[in-house]
Amino acid sequence: MLELSKLSTSPWSSPFNHLSRDRVRFRSLKPLCNVERVRSIDDDDASSANRMFILGLGFVGQFFGNQLTKQNWHVGGTCRSEIKRHRLEKMGFDAHLFTNDTEETKNLSLSCLEEVTHLLVSWPPIVGFGDPVLDRCQDVLQSRLGNGNLQWLCYLSSTSVYGDCNGAWVDEDYPANPKKASAKARLAAENRWLSVGNNLGVPVQVLRPGGIYGPGRSALDTIIKQEILTENQRMREARRYTSRIHVDDVCQALKATIDVPSPGRIYNVVDDDPAPRTEVFAFASELIDKKWPGKIKASPTAGAYRQGHERAEGGEKRVSNVRMKNDLGVKLLHPTYRSGLEDIIKTMENPFP
Ligand SMILES: NC(=O)c1ccc[n+]([C@@H]2O[C@H](COP(=O)([O-])OP(=O)(O)OC[C@H]3O[C@@H](n4cnc5c(N)ncnc54)[C@H](OP(=O)(O)O)[C@@H]3O)[C@@H](O)[C@H]2O)c1
């Protein structure tokens with residue numbers, strides 16, 4: 001089904017129908033590229049007219065969406081299960097189901113997109129298929145978004161598009177050379193969304209984050225839950241360099257692309273320290289042991305670095321964040337994993353009852 005729906009009784013209704021709003025004022029918004037009309041997302045007067053829709057209300061989408069709702073933005077978005085949709089509604093989002101298992105593409109209604117002023121694409125491409133919405137209904141999507149309301153379009157990509165760079169420092173001008181199927185699909189999706197922006201006359205921001213961590217998803221959680229590493233994670237264990245970014249800093253970068261007039265550029269979103277994951281896990285273990293002594297067993301990563309180190313050499317990169325800092329003025333809240341993890345553990349409840 002390929003379906004974007006909110007309620008079974010009225011599946012194609014606008015996510016914003018139930019909200020009182022001033023249509024005239026809303027319609028008066030000008031495109032983001034008009035520098036004089038750009039307003040800060042912290043500006044209450046402006047934010048009450050802003051409507052963000054997030055394709056993929058996952059980890060980043062929910063963090064960012066929460067920040068925006070606190071600034072009086074209307075925030076809608078998609079997920080793939082009814083249980084999650086209910087949970088998201090309780091959190092204050094206008095949540096819609098979007099799944100890919102029907103051939104009824106003609107019935108797809110993306111009418112809820114007609115009123116959005118900001119669109120964040122925060123779902124991954126499907127290998128062998130493409131972007132969840134563009135490969136089936138780019139035309140419908142464009143016609144819904146093409147009424148002049150949309151000011152900002154951002155695609156959350158990944159540093160995986162650079163491929164293997166022999167440990168070199170990689171900025172946004174470094175040629176993308178993905179080898180893995182998922183990274184190739186990611187680069188293709190980037191290009192598809194850039195072309196959507198081009199067709200609509202709206203600049204597209206492309207953010208390429210490193211590994212995203214934050215409260216509920218970090219090395220601390222992996223150790224506490226004693227999660228077994230996937231093959232992919234084991235491979236990453238073996239690397240000397242791994243780029244990462246705290247979710248609060250992803251949100252900062254997203255806000256900055258809204259606030260700072262931009263012609264639509266690509267930005268790496270990573271912290272200052274591409275440290276190996278084993279170092280991060282060792283530090284996380286220390287933090288846990290300090291706060292709850294004697295509670296953790298062996299780290300799930302023990303030994304992986306030494307075993308895999310030779311195998312991974314040559315397939316690495318250190319991703320530069322200079323453009324994000326210089327152009328967008330982002331001052332990282334967590335320049336290293338140390339500050340990020342220390343911040344997360346501060347508010348963690350005792351997981352060892
Ligand atoms: N996490 C990282 O370390 C990292 C690093 C670099 C780039 N990224 C990319 O940045 C974006 C946001 O990351 P995140 O950590 O917030 O991801 P996430 O927590 O996995 O959330 C992804 C969202 O996309 C939805 N989704 C996934 N596949 C879909 C499909 N085929 N059709 C429809 N919806 C789909 C999910 O639906 P449900 O809510 O129903 O699950 C979820 O809402 C993603 O594109 C991710 O790949 C992530």
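These legends describe close-up views of a predicted model, centred on its ligand and on its low-confidence segments.

Residues are numbered from 1 along each chain as its sequence is written. Local features need pLDDT of at least 70, side-chain atom pairs count only at pLDDT 80 or more, and totals for chains, interfaces and linings use all residues, while side-chain values use heavy atoms and leave out hydrogens and water.

**View 1. The shell around the ligand.** The ligand has 25 residues around it, each with a heavy atom within 4 Å of it. R80, K84, R186, I212 and R217 come nearest. The shell holds twelve nonpolar, nine polar and four charged residues. Here Ala, Val, Leu, Ile, Met, Phe, Trp, Tyr, Cys and Pro count as nonpolar, Asp, Glu, Lys and Arg as charged, and the others, Gly among them, as polar.

**View 2. Elements that supply the shell.** α3 (59-70), β3 (74-79), β4 (94-100) and β9 (211-213) each give at least two residues. Helices (H or I, at least four residues) and strands (E, at least two) are DSSP runs, numbered from the N terminus.

**View 3. Ligand oxygen atoms and their partners.** In the side chain of R186, an N or O atom lies 2.6 Å from a ligand oxygen. For the R217 side chain, the distance is 2.8 Å. A polar backbone atom of L57 is 3.1 Å from an oxygen atom of the ligand. The protein buries 80% of the 890 Å² that the ligand exposes alone (Shrake-Rupley method, 1.4 Å probe).

**View 4. Segments with low pLDDT.** pLDDT, the predictor's confidence in each residue, runs from 0 to 100. The chain averages 82, and 76% of the residues score at least 70. Residues 5-39 stay under 50, as do residues 103-108. Where pLDDT is low, predicted coordinates should not be read in detail.

How values were computed. Contact means heavy atoms within 4.5 Å. A polar contact is a pair of N or O atoms within 3.5 Å; within protein, one must be able to donate a hydrogen and the other to accept it, and residues adjacent in sequence count only if both atoms are side-chain atoms.
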